[in-house]
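This note is addressed to a colleague who is new to the structure. Two topics are taken up in turn: disulfides and cavities.

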Amino acid sequence: MKKKPALAASLVLSGILFITALLSLLLQPDPEKIAIFWQAGLAADMILIIGSYLFSKAASFKTVPFLALDALICSAVLYLAHSGAMHAGFSIHRPLGLGATFDYTFLLPLLFLFCSLLCIKDALNIIYGYSARGREALVFLAVRMSAIMSMLLLGGILFTIVYKGIWVINWEFLTEPHRRLGQAGGISTAIIGSFWMVLGAMIVSSPLGIGAAIYLHEYSRSQKLNRLITIAVSCLNGVPSVVFGLFGLAFLVRFFGVSLLSGSIILGLINIPTIILTCQEALKSVPNSLREGSMALGATKWQTIKKVVLPSAMPGILTGVIMGVAKASGETAPIMWTAVTFTATPVHMVYGIIPDLFQPVNNLDYHLLNLIYFLGAWDVEANAWGTALVLIAVVLGTNMMAIVVRNRYRKKISW
């Protein structure tokens, strides 16, 4: 048996095992049909690896235990799968006190996924003779596979949401209010309520966040004060949103009631730390030579900031603001006590253009949360997936807008 072709075939088989097992974990099909192919692939993989090892220079008493242990694990998995010990009704109930049950459709792909990783490791060790170079190749492979797995996991989540939600999306679903507790109708009131709430949050947070960033970076001369405020803002950025919701319930609802205004203010307060931090980084990216040149020409401090610094930092500032929009679009906890209702009440408009700030509104996040609560009791699963798809589309679209705006402004700036 030749070494290089056998090891190349082993790596190909291991890669196929890894990809199919990972897809099986993500999509959760019935693995019984593909299990025979996994068994044949793993058995052939082990034969190729052991044969390559016996005819390679890597074979020694020091390396035999490593290969023997991996071969023993793979053989045990083959025995479990082939003997029927792990069958379609097999499951592990609440292992180690966990509140979950792991069944055959999860355990079998997981075991073959683990065996494929062992085979890849052994093949690379044989190729590099169990040397430091082989360990380096394993580390780089692990990093690449981590990136690939992250992309596959995110892609699997998005694919599931799109696949299950796209069949519900139509003109009626997007333009009509819901009826019968979300079993019929659409999400028009939720979309409109989310729009006004996010817009109100940006009106609250953008001036305060951008103004605070300009003061901290351009006007304040106390390094200790700047450091203290930056630390406080960073800590505030990590505070759970439910804490903001409790603050809004205790203070804002007392004055404004459960209303659009209360929700917009609380979302604006959540966004302020994000906007401050991103705007500070944008202002730091502007070279000091531009400020010095403007001042040398006789411009005042404010003229320099207005005409030179802010236009140069605008890509980063707009990116921060739009990221705040995306963050506000996905918040549920702070608004469920301060602003939202599940009733399909349309937003009342004052003079036809300004929403009534003192009425509660519907919201995509809260609407989806209620549909999830109703699962099993009412037929709302399809509408829940459709609502999730619309919400994901709004957040992804907002982030894409931030990227486009940032790239467009960067093309106009040169220094």
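The numbered points below concern a predicted model.

1. Disulfides. A disulfide is a covalent bond between the sulfur atoms of two cysteines. A search of the whole structure finds zero of them.

2. The pair Cys74 and Cys115. Why is there no bond between cysteine 74 and cysteine 115? The cysteine sulfur closest to that of cysteine 74 belongs to cysteine 115, and it lies 4.0 Å away, which is too far for a bond. A disulfide would require the two sulfur atoms to be within 2.5 Å. Seen from cysteine 115, the closest cysteine sulfur is that of cysteine 74, again at 4.0 Å.

3. Accessibility of the two cysteines. Cysteine 74 has a relative accessibility of 2% and therefore counts as buried. Cysteine 115 counts as buried too, at 0%. The cut-off applied here is under 20%.

4. The cavity. Over the whole structure, the search finds one cavity of 30 Å³ or more. The volume of the largest cavity is about 60 Å³.

5. Its lining. Among the residues that line the largest cavity are Met46, Ile49, Leu67, Cys74 and Leu118. Cys74 thus appears in this lining as well as in the cysteine pair of point 2. By class, the lining residues comprise eight nonpolar, no polar and two charged.

6. Contributing helices. Which helices each supply at least two residues of the lining? They are helix H2 (32–54), helix H3 (64–83) and helix H4 (104–127). The largest share, four residues, comes from H3.

Key. Residues numbered from 1 in each chain as written. Predicted model: local features only at pLDDT ≥ 70, side-chain atom pairs only at ≥ 80, totals over all residues. Heavy atoms only, no water. Buried < 20%, exposed > 50% of the residue type's maximum accessible area, 1.4 Å probe, protein only. 1 Å grid on protein atoms, 1.4 Å probe; cavity = no way out; pocket = protein on both sides within 12 Å on 5 of 7 lines; lining within 4 Å. Points joined across faces, edges and corners; volume = space filled by probe spheres on them. Nonpolar A, V, L, I, M, F, W, Y, C, P; charged D, E, K, R; others polar.
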